[in-house]
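I opened this entry to record what I looked up, going from the whole chain to one pair of helices and then to two single residues.

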Amino acid sequence: MKKITFSKTLIYCLLILWALTTIFPFLWVINNSFKASNLVLSDSFSPAFATVYRLDQHGQVVHERTRTDEHGRTMYDKLLVDAEGKPVYEEAEAGPQLKGNDAFTSLLGGMNQGQTNPNAGLEAYDTVGGKVLYDMDSPPVRLAPTLANYASAFTNPNVNILNGYKNSLIVSGTVMVLVMLLSTMMAFAMTRWQFRGRGTIGALITAALMFPAFATILPAYRMLASAGLFNTLTSVILVQTAGNLAFACTVMIGFVAAQPYELEEAAFIEGCGPYRVFLKIILPLSRPALMTVAIFTFIWSYNDLFTQMVLIRSRALMPVCAILREISSQYGTDFGLMAAAVTIVVVPVLMLYMLLQRNIIRGLTAGAVKG
């Protein structure tokens with residue numbers, strides 16, 4: 001049995017705390033994605049799956065029985081009144097602005113004030129004498145949990161998550177395939193052929209790792225604009241492919257260099273040329289490293305908001321991360337929708353990473369020890 005020392009205990013405690021600080025914000029976002037926007041503001045830390053009911057200003061649970069006016073608009077049977085008996089909006093839930101000559105306004109006794117609210121359908125009312133106009137056995141109005149935020153994320157034409165996913169898959173998938181192919185070809189050439197300038201190219205690949213995307217985006221922008229590729233998915237694919245090649249080549253060169261030459265020599269003796277050796281031997285042997293390159297490239301491309309926002313202006317071409325930024329700028333008060341959109345964007349990539357994390361570790365360590 002291994003002896004537990006104080007230093008190990010301290011290290012494990014620090015790692016657990018670090019994990020909690022990393023996981024907690026994500027769990028908080030998921031929890032609030034199942035709440036109405038007003039509930040996120042008033043009580044953002046309560047569990048969403050502990051059912052929360054709507055209360056009026058007197059602390060009474062609001063029930064769901066509704067009626068509609070002549071225009072088909074929903075009205076709750078409970079009215080709120082002020083000290084003088086005049087109907088007013090509930091302070092915590094201001095409703096939509098009503099016109100003075102509106103039939104619905106006349107029905108509510110001339111009430112004509114309120115503010116726009118995404119949850120305006122949750123107004124509650126009471127009568128002057130406290131008379132209840134609805135059946136107490138009817139279901140109460142439930143604020144949480146709710147799937148309304150997710151429904152809005154997929155159905156709201158201003159958000160259009162599905163189109164963003166399509167663009168993200170086109171861009172990230174294409175970048176991933178190009179980087180895998182080009183980096184493996186580069187590794188094959190750098191490790192199997194001796195040619196003038198080979199050392200210089202290797203040094204340039206290593207040096208390219210030190211240049212961030214922010215330092216190269218301006219010349220890339222000017223070249224793409226002059227070529228007529230601005231505001232196209234192709235421009236993002238080209239820039240992201242170039243940005244990922246340095247890392248991918250470094251990984252693939254280290255892996256391919258550690259592979260034995262005997263299989264390739266046998267293939268040459270049997271009459272195989274360089275192309276068949278590359279396709280039949282190098283690529284199959286490089287699967288662990290290729291998996292690592294594929295995962296890192298896909299995730300980096302998927303999350304690369306900077307390049308997407310610089311090179312794409314059309315909403316129809318925006319990948320999902322760029323759409324998320326649009327939601328936060330245009331729908332900043334709808335925190336429920338924001339939380340749902342963040343969850344939709346992050347969860348697929350997180351699941352992909354968790355499912356393939358063993359391949360990532362194996363690909364990074366493969367070829368580290370020869371023999």
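**Whole chain.** I began with the secondary structure and found 15 helices and four strands in the chain. I keep in mind throughout that this is a predicted model. Of the 371 residues in the chain, I noted that 38% are buried. I then looked at the surface, where the chain exposes about 21600 Å², with carbon and sulfur atoms supplying 65% of that area. Turning to contacts with a separation of 6 or more, I found that 70% of them join residues 24 or more positions apart.

**A pair of helices.** Two packed helices are described by the angle between their axes and the distance between the axes, and I looked up both values for one pair. Helix α5 covers residues 161-192 and helix α6 covers residues 198-208; they pack at an angle of about 140°, and their axes are 10 Å apart. Angles over 145 degrees would count as roughly antiparallel, so at about 140° α5 and α6 are classed as oblique to each other. I also noted that the crossing of α5 and α6 is left-handed.

Which residues make the contact between α5 and α6? On the α5 side I listed M186, M190 and T191, and on the α6 side R198, I201, G202 and I205. Sorted by class, the contact of α5 with α6 has four nonpolar residues, two polar ones and one charged one.

**G164.** I stayed with helix α5 for the next residue, since G164 is found there. Is G164 buried or exposed? Its relative accessibility is 0%, so G164 counts as buried. Leaving aside its neighbours within four places in sequence, I found G164 in contact with M318, P319, V320 and I323. I also looked up its separation from L324: the two are 160 residues apart in sequence, while their C-alpha atoms are 9.2 Å apart in space.

**P274.** My last residue was P274, which lies in helix α10, residues 274-285. With a relative accessible area of 35%, P274 is partly exposed, because that value falls between the 20% limit for buried and the 50% limit for exposed. Apart from neighbours within four places in sequence, P274 is in contact with F188, W193 and F268. For E264, I noted a separation from P274 of 10 residues in sequence and of 9.1 Å in space, C-alpha to C-alpha.

Definitions and conventions
Residues numbered from 1 in each chain as written. Predicted model: local features only at pLDDT ≥ 70, side-chain atom pairs only at ≥ 80, totals over all residues. Heavy atoms only, no water. Axes fitted to C-alpha atoms, helices over the stretch in contact; angles between N-to-C directions. Helix = DSSP H or I, 4+ residues; strand = E, 2+ residues; numbered from the N terminus. Parallel < 35°, antiparallel > 145°, perpendicular 65-115°, else oblique. Left-handed = near helix turned anticlockwise from the far one by under 90°. Contact = heavy atoms within 4.5 Å. Nonpolar A, V, L, I, M, F, W, Y, C, P; charged D, E, K, R; others polar. Buried < 20%, exposed > 50% of the residue type's maximum accessible area, 1.4 Å probe, protein only. Areas by Shrake-Rupley, 256 points an atom, 1.4 Å probe, with all protein chains shown as cover.
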